Structures are given as structure tokens and as C-alpha cells.
Amino acid sequence: MDQFDLENPLENFHDVPCDAVSSLFLIESDHIPPPNYFQSLKASDFDISVRRDVISLISQLSCTFDPFLPYLAINYLDRFLASQGVLQPKPWTNKLLAISCFSLAAKMLKTEYSATDAQALVNNGDGSVIFETQTIQRMEALVLGALQWRMRSITPFSFIPFFSNLFMINDTALRQVLKDRASQIILKSQRDLKVLEFKPSIVAASALLYASHELFPFQYPCFLRAISDCSYVNKESVVQCYNVIEDTAREEYESVFNVNSSSDTPVNVLDEHFLSLESEKTNGTNAAPTTLIHEKDYKRRKITDYGSTVQFSHFH
């Protein structure tokens with residue numbers, strides 16, 4: 001089996017219609033918990049605490065690995081809990097579930113790890129129970145059954161290439177900056193229960209919109225229009241999900257814009273790149289410096305009055 005790529009989940013996967021994009025939107029609901037999962041979690045503080053504890057354990061296991069590994073493991077966790085419910089409340093059950101979801105994700109991503117070291121991490125050296133290999137394998141089989149062996153999860157990362165192409169950013173480096181920022185937002189938002197209400201495609205579209213609003217504020221209306229015109233998305237859901245992502249990303253907003261005046265900051269570099277492209281289209285030589293001053297003032301206003309900056313007037 002080839003290594004699983006979250007951005008290309010259907011690669012080498014032949015049992016789907018020819019149109020890969022349509023297939024992603026068609027089957028994405030098969031790879032997420034059902035709609036009532038979010039409501040059932042909200043109704044039980046105990047279930048929320050179990051999910052939080054298992055996610056914490058998965059994070060401990062994954063601290064030295066690619067962040068996509070814990071993301072996939074938590075996807076397996078939520079789908080398992082939605083299908084089977086919370087396991088019997090014994091001290092070792094959360095650890096066994098965390099190790100099993102982590103192990104399955106590691107296998108899918110062709111990531112080598114030491115089972116002994118992994119158990120030592122979650123036990124924190126306190127001499128807790130050490131699971132035999134057969135015990136972990138039995139738990140893995142239980143998870144696989146709950147997931148109906150659908151391990152090639154359709155996640156928000158699967159839709160990043162499609163939506164980013166709608167933005168028609170010709171510069172490869174700038175397109176990658178946008179995708180990277182959207183990926184950071186998706187990774188960060190996974191722990192928020194409210195995100196579970198939305199399909200992966202909606203999360204991807206909302207994350208890209210939020211990232212574009214941070215990085216390319218003057219191009220943002222065009223990006224918003226591109227998402228609005230996309231027949232695959234529910235515009236009301238995008239608005240709702242955007243608001244959730246906004247809350248999740250708010251705490252790091254100023255660090256993204258980096259308000260100090262150093263010309264080496266990422267945002268200033270992006271500004272200058274876009275301004276140089278725009279200046280090539282104008283006949284005047286003073287257009288770029290003037291626009292740069294206005295953009296710096298614009299960013300300061302956005303930071304001080306953050307909550308009122310985003311409007312979805314292009315959604316009809």
C-alpha cells in the first residue's frame with residue numbers, strides 16, 4: 001500500500017467515479033462523524049472530558065512527528081466515538097484508544113515509531129499498565145470495524161488544492177504561503193468541538209478565506225467571490241464555519257500580521273510582492289509607495305478593530 005496523502009486521498013484508489021473533485025464532495029460525509037455527534041458530545045461533560053483526554057494523549061504520542069499524523073488519529077478517534085460511544089470508564093481505556101488511533105494513523109502515513117517508547121510517553125514513567133501487542137491489535141481491529149475500514153480519510157486538507165486553485169494566484173510561492181497558513185488554521189481548529197458541525201470542504205473553504213483575509217486583504221473580496229460562486233459549497237455554512245475559525249485563530253492574529261516595522265516580516269514581504277505586481281500595471285511611479293502606506297494603516301485598523309472587519313456581502 002502506498003503512503004496515504006491527506007491532500008490526495010483518492011490517489012491510487014480506483015473504486016470511485018472518474019471526476020475526482022466531484023467524488024471528494026460526494027463521499028466526504030462518509031469520513032466524518034454524523035451530524036448528531038456534536039450535539040451528543042455537548043450534552044455530556046463526561047464524553048467531552050474523555051475526548052479531550054484522548055486527544056491530549058495522542059498529542060503526547062505525536063510530539064515529534066508530522067502534525068498531519070495526530071490530525072488523522074483524531075479523525076479516527078471522533079469517528080470511532082460517534083459509532084461506538086465512550087468506552088467503559090477505566091483508567092487504561094483512554095490510553096489504549098489513543099495508542100490504537102495513533103498506531104493506525106502512523107501505519108497509514110508510513111511512519112515508523114517504537115511501541116515501547118509510545119507507551120512510556122503516555123504513562124509518563126509512572127509504571128502504569130503496559131499493553132501487549134495483541135491487546136493493541138485487538139483495539140485497532142475494533143476501531144477499524146467502527147470506521148468500516150475507511151482509513152483514507154477525506155479531511156479539509158483534501159479540498160485545499162481545489163479551493164486554492166479557484167483563487168487564481170499565479171505566483172507559486174504566494175499560493176504555497178496561503179495553503180500553509182490555511183493548513184495551520186485547520187490543524188489548530190480540530191480540537192474545537194464546534195468545528196465538528198461542518199463538513200471538511202466547508203472547513204477548508206473557511207480556513208482559506210480566513211488565511212486570505214490575513215495575508216492578502218486587498219485581494220480578499222475576489223477570493224470571497226470565488227468561494228461564493230462555487231456550486232459545491234453551502235454559503236451559509238461557510239459563514240458559520242468562518243466565525244468559528246475566526247474565534248480559534250483570534251489569539252494568534254497579531255503574530256500573523258507582525259506589527260513591528262521590520263521590512264523582513266512575512267506580511268511586509270507579501271505586501272511588497274503584490275505591490276510590485278500592481279505597480280507594473282500602472283503608468284505612475286508613485287503608486288506603490290502610496291499604496292504601501294495605506295496598507296500599513298489598513299492593517300493597524302484591522303488589528304485595533306478586529307471584530308468588525310470581515311463582511312460577507314458577496315454571499316447571496
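**View 1. Helices and strands across the chain.** In this predicted model, the chain has 15 helices and zero strands. Both are DSSP runs numbered from the N terminus: helices are H or I with at least four residues, and strands are E with at least two. Residues are numbered from 1 along each chain as its sequence is written, side-chain values use heavy atoms without hydrogens or water, and local features need pLDDT of at least 70, side-chain atom pairs pLDDT 80 or more, while totals for chains, interfaces and linings use all residues.

**View 2. Contacts and surface of the whole chain.** Of the 316 residues, 47% are buried, meaning under 20% relative accessible area, with exposed being over 50% and partly exposed in between (1.4 Å probe, protein chains only). Take the contacts (heavy atoms within 4.5 Å) with a separation of 6 or more: 81% of them join residues 24 or more positions apart. About 15900 Å² of the chain is exposed, 52% of that coming from carbon and sulfur atoms; the areas come from the Shrake-Rupley method with a 1.4 Å probe, and for residues only the protein chains shown count as cover.

**View 3. A look at two cysteines.** C101 counts as buried because its relative accessibility is 0%. C222, at 48%, counts as partly exposed. If you are wondering about disulfides (cysteine sulfur atoms paired within 2.5 Å), the structure holds zero.

**View 4. D117 in helix α6.** Here D117 sits in helix α6, which covers residues 115-123. Its relative accessibility is 52%, so D117 counts as exposed. L61 is 56 residues away along the chain, yet the C-alpha atoms of D117 and L61 are separated by 8.9 Å.
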